[in-house]
Amino acid sequence: MRSLLGVSTAIALTATLLAAAPAHAEPREAQRAAYPALSVKRVVTGLDHPWDVVRLGKGRLLYTQRDRATLNVWSHGHKHRVRFPSGSVWVSGETGLLGLEVDPKFSKNHRIYTCQGGTTNGRHDVRVIAWRLNPSATRAKRIKRLVGGFPASSGRHGGCRLLIDRAGSLLVGTGDAAIGTNPESKHSFGGKTLRLNRLTGAPWPSNPFIRSANRTARYVHTYGHRNVQGLSQRSDGTLWSIEQGTYRDDEVNRLVNGGDYGYNPVPGYNESVPMTDQSLPGKQRNAAWRSGDPTIATSGGAFLYGTGLGGYQGTLAVAALKAQRVLFLTFSASGRLQRVRVPAVLKRYGRIRTVVDGPGATFYVTTDNGDGKDAILRVTARR
């Protein structure tokens, strides 16, 4: 996924995006009026693979760096490193310090959550840990490991995105660790979305296999995924994931409790199989959007909401690594794709890792180029 798009790839990508657009395209003048110009500013620079960023309030941003395994705060033009046990994070390939989430009651409990690589008795895994920040946000104290044992091989396909939904549960998107049997197996945390109590780590009571004798299955919310890189909740309460494909079919999926999303790359790790294999037993759920062939290496993203966003209001903003852009996907109330927009102003910063909403007409974008050349971008819609 590290190579740049060649000419033929760019042509194929353009054709894919055009094919996804509705036949009744709006006049160019109406499109310009509906979508405001975007102003982009590098607010945090000198970063190396910033994997996730959350807003702490009072104008502060908290962010992870995958390979450096550091937790940092940016506040009004200044950044500082949080005292955090970076040495305990297992870093290899696509795994390190990854997903980050802040508790909705942070102002009272100061809890944050990370998903990260780890080592136990010489064996590696991926795990979710709850932390408490001190009032000055200069030190993170470990509270507990909420859930762990996510599969890890070379570090490939380590996931791992976090989202606290409106019900208060913690949703976790995992990767399959490039092991073919993981996505469809209820005995593996790999290739899943998991749902759990963010305070205790217990499986969420409405999970589809909550009564299973198999402890792992009790955490499963959806299965049959390859490498879940993005999670977001729409204003209607529905949950959505963004997933990396093989050589084809990056996907955006509308998550349904107990849903099978059909990735089953066996025997071995056969990446020529469809991302959604409809020949499997039972019912497999088709993607709400797919990239087609070739992939663009989708990563994180978010539904955007705020006054002044114009046509971007309610869209799912999807980061793309290989294609080096942000796609804004508009879906109908029923989840049907209506249009795709790719603004040129966000195609100038190299690989894009994730998009984070708010506040107002602002959202944040992280780059993923490495070698200390990365940044957190503040993007503002101008009317």
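Two strands are said to pair if DSSP finds at least two bridges between them, and the pairing described below was assigned in this sense in a predicted model. Strands of a sheet pair through backbone hydrogen bonds, in either a parallel or an antiparallel manner.

In the present model, β10, β11, β12 and β13 follow one another in that order to form an open sheet of 4 strands, and the pairing within this sheet is antiparallel. The edges of the sheet are occupied by β10 (161-164) and β13 (220-223), each of which has a single partner strand, so that one side of each is left without a neighbour in the sheet. From one strand to the next, the twist averages 20°. At the β10 edge, the pairing with strand β11 (residues 169-173) is antiparallel and extends over 4 bridges; within this part of the sheet, Ile164 is placed opposite Leu170 of β11.

A further set of antiparallel pairings involves strand β15 (residues 239-243). Strand β14 (residues 228-233) is paired with β15 in the antiparallel sense over 5 bridges, with Leu231 standing opposite Ser241 of β15. The hairpin formed by β14 and β15 has 5 residues between the strands, and in this hairpin Gly237 adopts a positive phi near 95°. Strand β15 is also joined by 5 bridges to strand β16 (residues 251-255), and these two strands likewise run antiparallel; here Glu251 in β16 is the bridge partner of Glu243.

Strand β15 is mostly covered, with 5 of its 5 residues buried. The residues of this strand point in two directions, since Leu239, Ser241 and Glu243 are directed one way whereas Trp240 and Ile242 are directed the other way, and all of them are buried.

The surroundings of a single residue, Thr114, were examined in strand β7 (residues 111-120), where this threonine is found. Residues are classed as buried when their relative accessible area is under 20%, and Thr114 therefore counts as buried, given its relative accessibility of 0%. When residues up to four places away in sequence are not counted, Thr114 touches Leu97, Gly99, Leu100, Arg127, Val128, Ile129, Trp131 and Leu162. Among these neighbours, Trp131 is also linked to Thr114 by a polar contact of 2.9 Å between the two side chains. Another of the residues touched by Thr114 is Leu162, whose number falls within the range of β10 (161-164), one of the edge strands of the open sheet.

Terms used:
Residues are numbered from 1 along each chain as its sequence is written. This is a predicted model: local features need pLDDT of at least 70, side-chain atom pairs count only at pLDDT 80 or more; totals for chains, interfaces and linings use all residues. Side-chain values use heavy atoms; hydrogens and water are left out. Buried means under 20% relative accessible area, exposed over 50%, partly exposed in between (1.4 Å probe, protein chains only). A polar contact is a pair of N or O atoms within 3.5 Å; within protein, one must be able to donate a hydrogen and the other to accept it, and residues adjacent in sequence count only if both atoms are side-chain atoms. Contact means heavy atoms within 4.5 Å. Axes are lines fitted to C-alpha atoms, for helices over the stretch in contact, and angles run from 0 to 180 degrees between N-to-C directions.
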